Amino acid sequence: MAIKSVSVIYFSPTGTSFKIAESFALGLACDSVQWIDITDPNLREKSQDIKSDLVVIGFPVYEEHIPPFVLDSLKKMQFNVKAAAGFSLYGNIGYGRSLQEIHSFCSERKIPVLGLGAFIGEHSFATSEAPLAVGRPNLDDLAEARMFGKLVSERFDSSFFLEKKDIPGKIPFVARFMPKNSAKIFTSEPVINSNCIKCGLCISKCPMGAINSDYSIDNDKCIRCFACVKSCKFKGREIKYKKRFLIKPMFNLSNLKKKKNFII
């Protein structure tokens, strides 16, 4: 039996997770696809009924986990689906427990999981000084995402599903001792500079509603996704490292090893 309807739930501040989601959906070859963009902070607050044959959940990894506000949004939803698939996107360092957490969320709701993937995307901290995974996902990554969608489609008409023991994931030793919102330890909030023309694009692109009408940033809300930096055509904001002596060598070392996407 073919998949007749799909609901794709995604969080994608800089558009990289959406690229994977879009290619995955192409691989499913399903005519009826509902796109649910929970990047919008207002939409995340709404309770939604998800009714489809398959639900797909995609997001970037934050501190080795599914972002807590993404999980909170998912918990507000009611699911009437036959199966699920999911993916996380990470900046060439590690996907941590993100896949395990998607599986746990679905298992708690008795939704069988047909496939999980961890894909490489440009790190949110990436700059010309430390170009970690810049340009990814590339065409090869997108082709793999499409293949992943085809694989899930084939599994839909079978008794296949992933069990908890099938899902890898670990937290690196150093990361275990990092505080929450550790991104703020390494980067400053991206304040405007003299290039800013105050067009309002950064305000609309912020997934946390952290940019005020005067273009100042509420540091408590800012998650350092740097969507405001990467969406600005005028370079009106920039990424500034607080710990350049740590970030640059660490990122450049990580960048030497081009990690592969992982699909299960």
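**Exercise 1. Find which residue of β2 stands opposite V8, then describe how the two strands pair.**

Step 1. V8 has W35 in β2 opposite it. Further along, Y10 stands opposite D37 in β2.

Step 2. Strand β1 covers residues 5–10 and strand β2 residues 32–37; they pair in the parallel sense over 6 bridges. Two strands pair if DSSP finds at least two bridges between them. Strands (E, at least two residues) and helices (H or I, at least four) are DSSP runs, numbered from the N terminus.

Step 3. Add helix α1 (residues 16–28): with β1 and β2, this helix makes a right-handed β-α-β unit. Right-handed here means that, with the strands pointing away from the viewer, the path from the first strand over the helix to the second runs clockwise.

A word on the model: it is predicted, so local features need pLDDT of at least 70 and side-chain atom pairs count only at pLDDT 80 or more, while totals for chains, interfaces and linings use all residues. Residues are numbered from 1 along each chain as its sequence is written, and side-chain values use heavy atoms, with hydrogens and water left out.

**Exercise 2. Work out the strand order of the sheet, then place helices on it.**

Step 1. The open sheet has 6 strands in the order β2-β1-β3-β4-β5-β6, with mixed pairing.

Step 2. β2 and β6 (262–263) are the edge strands, each pairing on one side only.

Step 3. Helix α4 (residues 98–108) packs on the sheet and touches β3, β4, β5 and β6; its direction makes about 155° with that of β5. Angles run from 0 to 180 degrees between N-to-C directions, with axes fitted to C-alpha atoms, for helices over the stretch in contact.

Step 4. α1 lies across β1, β2, β3 (49–60), β4 (78–90) and β5 (113–120), running at about 130° to β4.

**Exercise 3. Is Q48 buried or exposed, and what does it touch?**

Step 1. Look in the loop between α2 (41–44) and β3 for Q48.

Step 2. Q48 counts as buried because its relative accessible area is 16%. The cut-offs are under 20% for buried, over 50% for exposed, and partly exposed in between (1.4 Å probe, protein chains only).

Step 3. Leaving aside neighbours within four places in sequence, Q48 contacts I36, L43, K76, M77 and Q78. Contact means heavy atoms within 4.5 Å.

**Exercise 4. Look at the backbone of R224 and F226.**

Step 1. R224 is not a glycine, yet its phi is positive, about 60°. F226, also not a glycine, has a positive phi of about 60°.

Step 2. R224 lies in the loop between α7 (201–205) and α8 (227–230), and F226 is in the loop between α7 and α8.

Step 3. R224 is buried at 2% relative accessibility, and F226 is buried with a relative accessible area of 2%.
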